[in-house]
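Colleague: I have not seen this structure before. Could you take me through its main features, one question at a time?

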Amino acid sequence: MSSDKEKVMSDYIKRLEKENLKLRIALCNLRDDFLDLGGDVNQLELFDKDDVSQLKIFESPDGGKTIYQRNVGSDEREQIKD
């Protein structure tokens, strides 16, 4: 039984590692695109990468008319634009 759990966890960790790699590649591509478009390299370092509370997710269910923000990992959102 323990071996089954270890196998499941091992497979799960491998999937997470692959997803992490895909996200890192996507981030690098976005950074490159930003810089290619004339973006300021100093703007890329505005946030403390180790402080997740600085990261916000912005959502608009109506195509930009109403905008909400929430912290990463939270379901509670705050309306910031009517």
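**The helix, the sheet and the salt bridges**

Colleague: What length does helix H1 reach from its first C-alpha to its last?
Modeller: Bear in mind that this is a predicted model. Helix H1 covers residues 2-36, which makes 35 residues. At 1.5 Å a residue, a span of 51 Å is expected, and the span from first to last C-alpha is close to that, at 51 Å.

Colleague: Which residue just after H1 takes a positive phi?
Modeller: The helix H1 runs over residues 2-36. Just after H1 there is a positive phi of about 95 degrees, and the residue that takes it is Gly-38.

Colleague: How much accessible area does the nonpolar patch on the surface have together?
Modeller: One member of the patch is Ile-13, which is placed in helix H1. Buried would need under 20% relative accessible area and exposed over 50%; Ile-13 has 41%, so it counts as partly exposed. With Met-9, Tyr-12 and Leu-16, Ile-13 forms a nonpolar patch whose accessible area together is about 380 Å².

Colleague: Which residue meets Asp-11 in a salt bridge?
Modeller: Asp-11 is in helix H1 and is partly exposed, because its relative accessible area is 30%. Its partner also lies in helix H1, four residues apart, about one turn of the helix. The two side chains meet at 3.0 Å, N to O, and the partner is Lys-7.

Colleague: How far apart in space are Asp-11 and Arg-24?
Modeller: In sequence, Asp-11 and Arg-24 are 13 residues apart. From C-alpha to C-alpha, the distance in space is 20 Å.

Colleague: In what order do the three strands form the open sheet?
Modeller: Four bridges join S1 to strand S2, residues 67-71, and these two run antiparallel. Four bridges also join S2 to S3, again antiparallel. The three strands therefore form an open sheet with antiparallel pairing, given that two strands pair if there are at least two bridges between them. The order is S1-S2-S3.

Colleague: Which are the edge strands of the sheet, and by how much are neighbouring strands turned?
Modeller: In the open sheet the order is S1-S2-S3. An edge strand pairs on one side only, and this applies to strand S1 (56-59) and strand S3 (77-81). Neighbouring strands of this sheet are turned against each other, direction ignored, by an average of 30 degrees.

Colleague: Which residue in the turn between S2 and S3 has a positive phi?
Modeller: S2 and S3 form a hairpin, with five residues between them. The bridge partner of Ile-67 in S3 is Lys-81, and that of Gln-69 is Glu-78. In the turn, the residue with a positive phi of about 85 degrees is Gly-73.

Colleague: What is the bridge partner of Glu-59 in S2?
Modeller: Four bridges join S1 to S2, and the two strands run antiparallel. In S2, the partner of Glu-59 is Tyr-68.

Colleague: Is Arg-70 buried or exposed?
Modeller: Arg-70 forms a salt bridge with Glu-59, with the closest N and O atoms 3.0 Å apart. The pair links distant parts of the chain, with Arg-70 in strand S2 and Glu-59 in strand S1, 11 residues apart. Glu-59 has a relative accessible area of 25%, so it is partly exposed. Arg-70 has 18% relative accessibility and so counts as buried.

Colleague: Which residues are joined into one network by salt bridges that share partners?
Modeller: Arg-77 also forms a salt bridge with Glu-59, the closest N and O atoms being 3.8 Å apart. This pair too links distant parts of the chain, Arg-77 in strand S3 and Glu-59 in strand S1, 18 residues apart. Arg-77 counts as partly exposed because its relative accessibility is 44%. Through shared partners, the network consists of Glu-59, Arg-70 and Arg-77.

Colleague: How many salt bridges does the count come to?
Modeller: A pair counts if a side-chain nitrogen of Lys or Arg is within 4 Å of a carboxyl oxygen of Asp or Glu. Asp-11 pairs with Lys-7, while Glu-59 pairs with Arg-70 and with Arg-77. The count comes to three.

Conventions
Residues numbered from 1 in each chain as written. Predicted model: local features only at pLDDT ≥ 70, side-chain atom pairs only at ≥ 80, totals over all residues. Heavy atoms only, no water. Axes fitted to C-alpha atoms, helices over the stretch in contact; angles between N-to-C directions. Expected span 1.5 Å × (residues − 1). Patch = residues over 30% accessible without salt bridge, like charges linked within 9 Å, V, L, I, M, F, W, Y side chains within 5 Å. Areas by Shrake-Rupley, 256 points an atom, 1.4 Å probe, with all protein chains shown as cover. Buried < 20%, exposed > 50% of the residue type's maximum accessible area, 1.4 Å probe, protein only.
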